[in-house]
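I opened this entry to look up how one pair of helices packs, and then the overall form of the chain. My notes follow in the order I made them.

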Amino acid sequence: MATPIERTHVRLAELVAALSLGVDLGFGQPMEHVLRQCLIAVRLGERMGLGEEERSAVYYTALLVNVGCHSDAHEQAKWFGDDIALKSFKYDHEPRSLRMAATGMSFLGSGHAPLHRFRLGLEFVLSGHREVDGMIAHHAAIARTLGEHLSMPDNVLRALGASYERWDGRGWPGKLAGDEIPLAARIAQLAEYVEVANRVGGVDAVKKLARERRGGQFDPALADLLGREGDALLSGLDTVAAWNAVIDAEPALAIVLSGERLDTALAAIANFVDLKSPYFLGHAQAVADLAGEAAAASGMSDAEVRLLRHAGLAHGLGRLGISNAIWDKRGPLGAGERERVRLQPYLTERMLRQSEALTPIARVVVQHRERLDGSGYPNGLTGTSISREARILAAADAYQAMCEPRPHRPARSAETAAAELRAEVKAGRYDAEAVAAVLGAAGHRVPRRREGPAGLTIREIEVLRLVARGLSNKEVAERLFISPKTVSNHIEHIYTKIDASSRAAASLFAMHHGLLPEHEFPARATG
C-alpha cells in the first residue's frame, strides 16, 4: 500500500522544479537542463550583486521561462509532425535567423506523404507562417498565466511575459527592447542558451555564443560578464547535484504550499499539462475528483483521499515527454508509438520522485497503468503488488478517458464506459472494489448546463468547447449545423469576452471555469 502524505506541505520550488523536468523532455533535452539553466541564472544574478527580491525573480523566471511552449503542441504537430523534434533544434541556430527558418521549413509535414507535405507547405506560405509566429508570442503569455495561478509576485509575472523579447527589439511579441525588458527575463533567456552551449561545447562555446549574439539577442552587459567570468560562472555544473542545488538556491524565505494553496497549485499545473492536447482538456481535474470521491466513499482516511486527489492531478505529467504526433494521431498507433505511450507513468514518476514531499504521489501514479493480471505497464505488476490507491486511480482514469473524445473515436456514453469497465473486471484486469467505488462515485453523468462565465451564451460555450478541442472552423460549423462565417463571428466574440488571443488561452479559460470536460458528476444521492 502506498504511504499517505505525512508532510501536508510542499515547497513551491519543488513543484516548479518537478514540472521543469517535463519541460526538458518536451524540448528533447536531457532532464535537468532547466535546473542547470536556473543555477546559471542565479549565479549571474549574484555576480551582478542583485538583491534578494531581484534574485527571486531571476530564479522563478528561469524555471518557468519555457513552460508555455507545449500549450500549442497540437498545432505544432499539425504543421511539423513531431512537436518535440521541432523544438529540439531551438538551440542550433539564432532565433529569427535564416538558418533557423530554413530548418523549421524542413520539418513541414514531417511524417506524411509527399503530396500532403506539398499542400501543407503551400498553406504555410499563404497563411500558416503567421499562425506559427503568433504561437511563439503566446508562449510567454501562457507562462505568465501559470505564474498568476501560482500566485507569483508581479516582478516574476512581468519577466515571464517578456521572456522571448530580444535586446535588439526583434523578439516576441516585439514590444520591448534593451533596458525595457525586465532584467530577470534577460538573464533567464541568456542562461537557457548558455546551458546548452556549455553542455555541448564547454566554456569556449559559451563565450563564442555570447560574443556573436551580443547586442542582438542578448544584453551586451550580460554577454560581456560571461566573456570575462565564464569559467567561474560555469564551474562545477557538470558534477553538481542539480536538483538539490536548485532547491537550496531558492532566494529569500521559501514559499511553502499547503492545504487549499497546494491543491490550487497542483490543479493549475495539471490544467497546463492538459493543454498539450485538446483531447485531454480537463482530464486531470476530472480524474482527481472522481478518484477522491471514490476513495472517500470507500472509507479511506483523509490523508489517503488527499493523496488520491493529488495523484489524479499529477498522473498525466509525463505526457509532456511524448509527441503530439502520437497523442493526436487519428489512426492506430504503431509498435514504436505504443512503446512511447507506455513511458508516460515512468516519466511522471521521474518528474515527481526527486522531491521527498512528492514521492508518495509518484508511488501511486507509476502504478496507475498496471493491471491485476500483469498485462499493464511499466513494470508488469500483478495482484496485491499494485496499491489500493493505484487501483482506484486506474479505474477513475480509464472511466474518465472513455467518456472523453479521442482522435480515433468519439466520447463514449457513461453507460458504455461503465459496461466496458465491468467487463475489464471480469477479464481480471481491474479490481472489482475499485471499479465499484469509481462507478458509484460517478453515478449517472449529465451534461453541464452552465450559464456563461464572462457573459458567454450557451451557443458560445458550445463553440468554445469545440475550438478548445482543436476543431477547425469548418468542423465546428458541421458539428453545430451553422456556417463557418458564423463560427468565426462566435470565436471573435468569445475571445473578446474572455480576453484570449489563442486556442491555448481559450482552453485554459474553459478548464478554469469548469466547461471542460463536457460532463460533470451529479449530486450524490442521500438517504
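I looked first at helix H13 (residues 283-297) and helix H21 (residues 432-442), which pack at an angle of about 110° with their axes 8 Å apart. The axes are lines fitted to C-alpha atoms over the stretch in contact, and angles run from 0 to 180 degrees between N-to-C directions. I noted H13 and H21 as roughly perpendicular, because that term covers 65 to 115 degrees. Their crossing is right-handed (the near helix is turned clockwise from the far one by less than a right angle).

The model is predicted: local features need pLDDT of at least 70 and side-chain atom pairs pLDDT 80 or more, while totals for chains, interfaces and linings use all residues. Residues are numbered from 1 along each chain as its sequence is written, and side-chain values use heavy atoms, without hydrogens and water.

Next I asked which residues of H13 and H21 meet. Leu290, Glu293 and Ala294 in H13 meet Ala437, Val438, Ala441 and Ala442 in H21, contact being heavy atoms within 4.5 Å. I sorted these residues into 6 nonpolar, no polar and 1 charged (Ala, Val and Leu are among those that count as nonpolar, and Glu among the charged).

Then I turned to the whole protein. I found 25 helices and 4 strands, taken as DSSP runs (H or I, at least four residues, for helices; E, at least two, for strands). The C-alpha trace spans about 70 × 55 × 45 Å along its principal axes. Buried residues, under 20% relative accessible area with a 1.4 Å probe, make up 56% of the 527 residues.

Note on methods
Parallel < 35°, antiparallel > 145°, perpendicular 65-115°, else oblique. Buried < 20%, exposed > 50% of the residue type's maximum accessible area, 1.4 Å probe, protein only.
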